[in-house]
Amino acid sequence: VRSRGLGDVYKRQVQGLVRVMQRLYAQRGLRIDAAGISPGLVFRGEQQHLQEMLGNLLDNACKWADSEVRVGIAPNAEGYRLWVDDDGPGIAQDQRQQVLERGSRLDEQVAGHGLGLGIVRDIVDAWGGRLALLESPLGGLRVSIDLPRKAR
């Protein structure tokens with residue numbers, strides 16, 4: 001496991017994922033903002049896992065957003081908090097646990113297989129982190145992930 005500054009991850013992975021999402025969802029004209037990533041953070045884990053988590057979270061947010069998605073990473077007491085916000089319809093409190101199960105989908109009209117949040121949950125669990133589905137300041141859903149400084 002290599003340590004890399006999140007500044008590097010931001011430049012390569014997050015901006016790359018944002019470009020991919022902008023192309024995939026170009027017809028929707030979404031604003032995808034990745035400016036909320038604190039500089040100088042060091043990620044001690046598999047870069048592929050971070051990319052897979054962010055890719056799934058950004059894709060879900062873009063599917064449901066009305067016009068805006070925001071991603072951020074900042075230090076907290078245990079390590080890092082990563083979050084993705086959208087301004088879509090959100091998820092009712094009583095359905096949030098259900099969507100974390102692999103294959104679970106609340107709306108069959110939106111493309112997908114119901115695997116994304118389950119995969120994210122599995123990665124977070126493997127690292128010893130915590131995942132929460134919350135209301136976003138943008139009005140939709142916030143997926144918030146707390147990760148330890150070093151993966152288990």
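Reader: With which residue does Asp146 form a salt bridge, and how far apart are the closest N and O atoms?

Author: The general idea comes first. Side chains of opposite charge can pair when their charged atoms come close. In this predicted model, Asp146 forms a salt bridge with Arg81, and the closest N and O atoms are 2.7 Å apart. Asp146 belongs to strand β7 (residues 141-148) and Arg81 to strand β5 (residues 79-86), so the pair ties together parts that are 65 residues apart in sequence.

Reader: Are Asp146 and Arg81 buried or exposed?

Author: Asp146 is buried, its relative accessible area being 10%. Arg81, at 35% relative accessibility, counts as partly exposed.

Reader: Which salt bridge do the side chains of Asp146 and Arg130 form, and what is its N to O distance?

Author: The side chains of Asp146 and Arg130 meet in a salt bridge at 3.3 Å, N to O. Here Asp146 in strand β7 is joined to Arg130 in strand β6 (residues 130-135), so this pair ties together parts that are 16 residues apart in sequence. Arg130 is partly exposed, with a relative accessible area of 47%. Elsewhere, salt bridges with shared partners join Arg31, Asp33, Glu68 and Arg70 into one network.

Reader: How many salt bridges does the count give?

Author: The count comes to 10 salt bridges. One of them links Arg121 with Asp122, where the closest N and O atoms are 2.6 Å apart. Arg121 counts as buried at 18% relative accessibility, whereas Asp122 is partly exposed at 28%.

Reader: Arg121 lies in helix α3. How should I read that helix, and what is its reach from first C-alpha to last?

Author: An α-helix has 3.6 residues a turn, so residues three or four places apart point the same way. In the present case, helix α3 (residues 116-127) has 12 residues and reaches 17 Å from its first C-alpha to its last, close to the 16 Å expected at 1.5 Å a residue. Just after α3, Gly128 adopts a positive phi of about 80 degrees.

Reader: How many of the 12 residues of α3 are buried?

Author: Nine of the 12 are buried, so α3 is largely enclosed by the rest of the structure. Among the buried residues are Leu117, Ile119, Val120, Ile123, Val124 and Trp127.

Reader: Across which strands does α3 lie?

Author: The helix lies across β6 and β7, running at about 25 degrees to β7. These two strands run antiparallel and are joined by six bridges; Leu131, for example, has Ile145 in β7 as its bridge partner. The hairpin of β6 and β7 has five residues between the strands, and within the hairpin Gly139 takes a positive phi near 110 degrees.

Reader: What is the order of the strands in the sheet?

Author: To read a sheet, one follows the order of its strands and then looks at the edges. This open sheet of five strands has the order β2-β4-β5-β7-β6, with mixed pairing. Its edge strands are β2 (31-37) and β6, each of which pairs on one side only. From one strand to the next, the twist averages 15 degrees.

Reader: How do β2 and β4 run, and how many bridges join them?

Author: Strands β2 and β4 (residues 68-75) run parallel and are joined by five bridges. Asp33 has Arg70 as its bridge partner in β4. Helix α2 (residues 47-64) packs on the sheet, touching β2, β4, β5 and β7, and its direction makes about 25 degrees with that of β5.

Key:
Residues are numbered from 1 along each chain as its sequence is written. This is a predicted model: local features need pLDDT of at least 70, side-chain atom pairs count only at pLDDT 80 or more; totals for chains, interfaces and linings use all residues. Side-chain values use heavy atoms; hydrogens and water are left out. A salt bridge is a side-chain nitrogen of Lys or Arg within 4 Å of a carboxyl oxygen of Asp or Glu. Helices (H or I, at least four residues) and strands (E, at least two) are DSSP runs, numbered from the N terminus. Buried means under 20% relative accessible area, exposed over 50%, partly exposed in between (1.4 Å probe, protein chains only). The expected span of a helix is 1.5 Å times one less than its number of residues. Two strands pair if DSSP finds at least two bridges between them. Axes are lines fitted to C-alpha atoms, for helices over the stretch in contact, and angles run from 0 to 180 degrees between N-to-C directions. Contact means heavy atoms within 4.5 Å.
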